[in-house]
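I set aside this session for aromatic contacts and the strands that carry them. The notes follow the order in which I looked things up.

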Amino acid sequence: KSMQVKLLKYIFFGFILIMGNQVLFSQQNQIDEMGRKQGRWIKYKDGVKFYEGQFVDDKPTGEFLRYFKSGRLQSKSLYIKEGTHCFVEMFYDDRKKTPKATGLYVNQVKDSLWLMYNSDGVLVSEEYYTEGKGNGLWKLYNYVGAIMKETPYVHGKINGEQIEYFEEGTLQRKMTFNEDVLDGILEEYYPENKIRVTGVFKDGM
């Protein structure tokens with residue numbers, strides 16, 4: 001009799017589990033009468049989870065997770081302001097979840113500060129954007145995190161003095177740009193910080 005009771009319990013709990021999964025699944029991947037995604041969505045591609053997240057009126061909201069074909073996490077996004085703003089953290093396809101980039105999208109284009117990393121997790125660049133165009137002082141670093149180059153951008157074009165550095169950190173070159181064109185003083189240095197070459201450009205010449 002006790003065996004029958006245990007068997008009935010297993011059958012009962014198994015039934016509850018199956019029904020729970022069915023209810024959960026029925027609450028996912030919903031489309032309203034206007035054809036808009038609503039609620040929690042989990043999308044698979046070639047049998048592997050592709051993304052998971054929430055929608056409100058076809059707009060992503062809250063946390064979104066996207067995956068590589070390997071099944072590892074590719075990116076983690078946080079959507080706010082009705083999905084127009086998205087803070088994103090991207091990863092390399094490795095077991096350590098090494099960061100690849102972090103930044104903000106506004107209306108699906110890059111905005112504000114973006115940080116880029118190499119596969120060892122070392123910061124390799126700082127980039128500033130406004131409405132998808134470079135806008136601000138970009139910094140490029142070498143594989144150990146030392147500064148290599150500083151480039152000023154205004155509305156997507158290099159404007160001002162670009163500075164390059166030797167691996168040891170000493171000044172290597174200064175160039176002045178006007179809307180991506182060399183226009184002004186150019187100076188090149190020896191590693192001991194002495195001037196090697198100097199000149200003046202006008203409209204790239």
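The entries below go from ring pairs to strand pairing and then to charges over rings.

**Entry 1: ring pairs.** I kept in mind throughout that this is a predicted model. I began with the aromatic pairs, of which the structure holds nine. The pair I took up was W41 with F55, which is edge-to-face, with 6.2 Å from centre to centre and 80° between the planes. Which strands hold these two residues? I found W41 in strand 2 (residues 37–45) and F55 in strand 3 (residues 48–56), so the pair ties together parts that are 14 residues apart in sequence.

**Entry 2: burial.** Are W41 and F55 buried or exposed? Buried means under 20% relative accessible area; W41, at 8%, therefore counts as buried, and F55, at 9%, counts as buried because it meets that cut-off too. I then noted that F55 also pairs with Y51, again edge-to-face, at 6.5 Å centre to centre and with 70° between the planes. For Y51 I read a relative accessible area of 12%, so this residue is buried.

**Entry 3: the cluster.** I next asked which residues form one aromatic cluster. The cluster consists of W41, F50, Y51, F55, F64 and Y79, and the W41–F55 pair and the Y51–F55 pair are the ones whose geometry I wrote down.

**Entry 4: strand pairing.** Turning to the backbone, I looked up how strand 2 and strand 3 pair, and found the antiparallel sense over seven bridges. These strands form a hairpin with two residues between them, and D46 in the turn has a positive phi of about 55°. On the other side of the search, strand 3 is joined to strand 4 (residues 59–67) by five bridges, and these run antiparallel as well. Strand 3 and strand 4 likewise form a hairpin with two residues between them, where D57 in the turn has a positive phi of about 55°.

**Entry 5: what stands opposite Y51.** Having met Y51 in the ring pairs, I checked its partners across the strands. In strand 3, Y51 has K43 standing opposite, while in strand 4 the residue opposite Y51 is R66.

**Entry 6: charges over rings.** Where does K37 lie with respect to F55? I found K37 over the face of F55, at 5.5 Å from the ring centre, so noted because a charge sits over a ring if, among other conditions, NZ of Lys is within 6 Å of the ring centre. I also recorded K110, whose charged end sits over the ring of W114, 4.8 Å from its centre.

Notes:
Residues numbered from 1 in each chain as written. Predicted model: local features only at pLDDT ≥ 70, side-chain atom pairs only at ≥ 80, totals over all residues. Heavy atoms only, no water. Phe/Tyr/Trp six-rings, centres within 6.5 Å; stacked < 30°, edge-to-face > 60°. Helix = DSSP H or I, 4+ residues; strand = E, 2+ residues; numbered from the N terminus. Buried < 20%, exposed > 50% of the residue type's maximum accessible area, 1.4 Å probe, protein only. Lys NZ or Arg CZ within 6 Å of the ring centre and 35° of its normal. Pairing = 2+ DSSP bridges.
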